[in-house]
Amino acid sequence: MKSMIIPKEIRKPVQKYLALVDRNLPEMIVAFYIVGSVALGDYQEGLSDIDFVAVCDRPFSADELDKTDGLHQTLAEEFVKPDFDGVYVLRDQLRNVPDGT
């Protein structure tokens, strides 16, 4: 398998996001995955988003949801492009694989 090299232009937004999460939502995110075009080696500067999956151990409280909205707003103001777009899932949700029915 080919190793993934993270494009230079997404390193700062990802590092900023992780720093904001550590500061504002300590221990909330237990795993963070970059997916989509970056993971597939098809990232195109100026066109692609930074797609991610953030894994949490527990649901967000209302206050934590507000903080999450705030940190995404901070990212959008500081880094106009690329967009930072992702989903937050519970670790338990990853354990339950749909049976296809």
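**A three-strand sheet and its helices**

Let's start with the sheet. It is open, it has 3 strands, and their order is β1-β2-β3. The pairing is mixed. Two strands sit at the edges: β1, residues 29-35, and β3, residues 84-90. Each of these edge strands pairs on one side only. From one strand to the next, the twist averages 20°.

One caution before I go on. This is a predicted model. Please keep that in mind throughout.

Now, what does the whole chain look like? The protein chain has 3 helices and 3 strands. Follow the sequence and you read α-β-β-α-β-α. The C-alpha trace spans about 35 × 35 × 20 Å along its principal axes. The chain has 101 residues, and buried residues make up 30% of them. Next, contacts along the sequence. Take the contacts with a separation of 6 or more: residues 24 or more positions apart account for 71% of those.

Back to the sheet, pair by pair. How do β1 and β2 run? They run antiparallel, and 6 bridges join them. Here is one pair to find on the screen: Tyr-33 has Val-53 in β2 as its bridge partner.

Now the other side of β2. Strand β2 covers residues 50-56. It runs parallel to β3, with 7 bridges between the two. Two pairs to look for here. Phe-52 has Gly-86 in β3 as its bridge partner. Val-55 stands opposite Val-89, again in β3. So much for pairing.

Is β2 mostly covered or not? Mostly covered: 5 of its 7 residues are buried.

Let's zoom in on one residue of that strand, Cys-56. Why does Cys-56 count as buried? Its relative accessible area is 1%, and the cut-off for buried is under 20%, so Cys-56 is buried. What does Cys-56 touch, leaving out residues up to four places away in sequence? The list is Met-28, Ile-29, Val-30, Tyr-88, Val-89, Leu-90 and Arg-91. There is also a distance to note. Cys-56 and Asp-92 are 36 residues apart in sequence, yet their C-alpha atoms are 8.9 Å apart in space.

Ile-29 was on that contact list. Let's visit it. Ile-29 belongs to strand β1. Set aside its neighbours within four places in sequence, and Ile-29 is in contact with Tyr-17, Val-21, Ala-54, Val-55, Cys-56 and Tyr-88. Another distance: the C-alpha atoms of Ile-29 and Arg-58 are separated by 9.2 Å, and these residues are 29 apart along the chain.

On to the helices. Here are two of them. Helix α1 is residues 8-24, and helix α2 is residues 62-78. They pack at an angle of about 150°, with their axes 10 Å apart. Why call α1 roughly antiparallel to α2? Because an angle over 145 degrees counts as roughly antiparallel, α1 and α2 qualify. Their crossing is right-handed.

Which residues meet there? From α1 we have Pro-13, Lys-16, Tyr-17, Leu-20, Val-21 and Asn-24. From α2 we have Lys-67, Leu-71, His-72, Thr-74, Leu-75 and Glu-78. Sort the residues of this contact by type, and you get 6 nonpolar, 3 polar and 3 charged.

Staying with α2, look at Thr-68, which lies in that helix. Is Thr-68 buried or exposed? With a relative accessible area of 6%, against a cut-off of under 20%, Thr-68 is buried. Leave aside neighbours within four places in sequence, and Thr-68 is in contact with Leu-25, Phe-60 and Tyr-88. Tyr-88 has come up before: Cys-56 touches it, and Ile-29 is in contact with it.

Last stop, a loop. Glu-27 sits in the loop between α1 and β1. Why does Glu-27 count as exposed? Because exposed means over 50%, and Glu-27 has 74% relative accessibility. Now look at its backbone. Phi of Glu-27 is near 65°, a positive value in a residue other than glycine. Most residues other than glycine have a negative phi.

To recap. We have an open sheet in the order β1-β2-β3. Two helices, α1 and α2, pack at about 150°. In the loop between α1 and β1 we find Glu-27. Thanks, everyone.

Note on methods: Residues numbered from 1 in each chain as written. Predicted model: local features only at pLDDT ≥ 70, side-chain atom pairs only at ≥ 80, totals over all residues. Heavy atoms only, no water. Pairing = 2+ DSSP bridges. Helix = DSSP H or I, 4+ residues; strand = E, 2+ residues; numbered from the N terminus. Axes fitted to C-alpha atoms, helices over the stretch in contact; angles between N-to-C directions. Contact = heavy atoms within 4.5 Å. Parallel < 35°, antiparallel > 145°, perpendicular 65-115°, else oblique. Left-handed = near helix turned anticlockwise from the far one by under 90°. Nonpolar A, V, L, I, M, F, W, Y, C, P; charged D, E, K, R; others polar. Buried < 20%, exposed > 50% of the residue type's maximum accessible area, 1.4 Å probe, protein only.
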